[in-house]
Amino acid sequence: GLMLPGCADDTVPSDLAGREAVTFRGCRETVARTADGGEAWTDSDRVGIFLVTTGGTLPDNLVPGADNVEYAVVPDPGNAATATFTPATTDTVYYPTRGKAYAVAYYPWRPAPDPDPCTYKINVTDQHDPAAIDVQYAKSGDSDKNAAAIDLAFRHVMSKLVLNARLAAELLPATLTGAPVIGGVPSSATL
């Protein structure tokens with residue numbers, strides 16, 4: 001017989017032995033989406049995912065390697081508001097070897113700031129890129145490595161206010177000077 005040499009390493013790193021990769025599915029609880037004016041996830045969307053041991057809190061009880069991991073959105077062509085999430089890099093979230101965990105996720109993903117990787121600062125002063133300020137959050141129920149997937153129901157953290165002004169016919173030809181201003185509304189927050 002013919003033997004061909006090969007260079008493959010099929011061994012599982014020791015720190016991942018016995019661990020199962022988590023599959024994530026997501027949906028939007030509300031269909032409004034400021035990023036594109038519709039309800040659909042897009043291929044360019046990214047979410048950040050944390051996995052926390054059941055009964056624990058962020059950041060003290062993170063599952064090792066599950067700290068703000070970037071996942072790419074794979075939209076479901078049959079339902080615009082649902083998607084699956086796949087690792088955007090070589091980083092993958094794994095279930096703990098024992099016990100259960102829950103996921104905390106947010107959109108849009110961004111690298112964790114130092115020194116607190118679990119703080120998400122929001123600033124809506126500049127609204128030229130609606131996708132950048134369309135912050136959404138999801139928290140799953142408890143799951144273990146026997147679960148088919150962890151479902152994440154994303155909801156908006158902020159509200160979008162739209163004012164539609166109409167000038168009464170008896171006021172024509174008057175013109176409206178300047179846009180209405182709403183005062184006393186914070187332009188920044190921390191999630």
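# A guided tour, starting at Gly26

Begin by selecting Gly26, which stands opposite Ala83 in strand β4. Keep in mind throughout that the model on your screen is a predicted one. Now look from Gly26 towards strand β8, where Leu152 is the residue that stands opposite Gly26.

Next, colour the whole of β1 and compare it with these two neighbours. The pairing of β1 with β4 is antiparallel and runs over four bridges, whereas β1 and β8 run parallel and are joined by five bridges. If you then show the side chains along β1, you will find that they alternate: Phe24, Gly26 and Arg28 point to one face and are buried, while Arg25 and Cys27 point to the other face and are not buried.

**The aromatic rings**

Which residues do ring pairs link into a cluster? Select Trp41, Phe85, Tyr107 and Phe154, and you will have that cluster in view. The structure as a whole holds seven aromatic pairs. Take Trp41 and Phe154 to begin with: their ring centres are 5.3 Å apart and their planes meet at 80°, and because an angle over 60 degrees counts as edge-to-face, this pair is given that name. Trp41 lies in the loop between β1 (24–28) and β2 (46–53), while Phe154 belongs to strand β8 (residues 150–156), so the pair ties together parts that are 113 residues apart in sequence. Trp41 is buried, with a relative accessible area of 4%, and Phe154 also counts as buried, at 1% relative accessibility.

Stay on Phe154 and bring Phe85 into view. The centres of these two rings are 5.9 Å apart and their planes stand at 70°, so this pair too is edge-to-face. As Phe85 lies in strand β4 (residues 79–87) and Phe154 in strand β8, the pair ties together parts that are 69 residues apart in sequence. Phe85 counts as buried, at 4% relative accessibility.

**Charges over rings**

Two other rings are worth selecting together with a charged residue. Choose Tyr120 and Arg110, and you will see that Arg110 lies over the face of Tyr120, at 3.7 Å from the ring centre. Then choose Tyr102 and Lys139, where the charged end of Lys139 sits over the ring of Tyr102, 4.9 Å from its centre.

**Ser140 and its surroundings**

From Lys139, step along to Ser140, which is found in the loop between β7 (136–139) and β8. Is Ser140 buried or exposed? Its relative accessible area is 10%, which is under the 20% cut-off, and therefore Ser140 is buried. With neighbours within four places in sequence left aside, the residues in contact with Ser140 are Tyr102, Ala103, Ile150, Asp151 and Leu152. One detail to zoom in on is a polar atom of the Ser140 side chain, which lies 2.8 Å from the backbone nitrogen of Ala103.

**Strand β2 and its partners**

Now select β2, a mostly covered strand in which six of the eight residues are buried. Strands β2 and β3 run antiparallel and are joined by four bridges, and β2 also pairs with β5 in the antiparallel sense, over six bridges. Ile49 is a useful residue to select here, for Ile49 stands opposite Val69 in β3 and has Ala105 as its bridge partner in β5.

**Backbone details**

Most residues other than glycine have a negative phi, and most peptide bonds are trans. With that in mind, select Asn68, whose phi is near 55°, a positive value in a residue other than glycine. Asn68 lies in the loop between β2 and β3, and it is buried, with a relative accessible area of 8%. The loop between β2 and β3 also holds Pro59, and the peptide bond that joins Leu58 and Pro59 is cis, with omega about -10°. Another cis peptide bond joins Tyr107 and Pro108, with omega about -5°; Pro108 is in the loop between β5 (101–107) and β6 (121–123).

**Confidence along the chain**

Finally, colour the chain by pLDDT. The mean for the chain is 80, and 76% of its residues reach 70 or more. Among the elements of the chain, β5 has the highest mean pLDDT (95) and helix α1 (residues 130–133) the lowest (78). Over residues 1–13 pLDDT stays under 50, and the model has one contact beyond four places in sequence for this stretch. Where pLDDT is low, the predicted coordinates should not be read in detail.

Note on methods:
Residues are numbered from 1 along each chain as its sequence is written. Side-chain values use heavy atoms; hydrogens and water are left out. Rings of Phe, Tyr and Trp (its six-membered ring) pair if their centres lie within 6.5 Å; planes under 30 degrees apart count as stacked, over 60 as edge-to-face and the rest as tilted. Buried means under 20% relative accessible area, exposed over 50%, partly exposed in between (1.4 Å probe, protein chains only). A charge sits over a ring if NZ of Lys or CZ of Arg is within 6 Å of the ring centre and within 35 degrees of the ring normal. A polar contact is a pair of N or O atoms within 3.5 Å; within protein, one must be able to donate a hydrogen and the other to accept it, and residues adjacent in sequence count only if both atoms are side-chain atoms. Contact means heavy atoms within 4.5 Å. Two strands pair if DSSP finds at least two bridges between them. pLDDT is the predictor's confidence in each residue, from 0 to 100.
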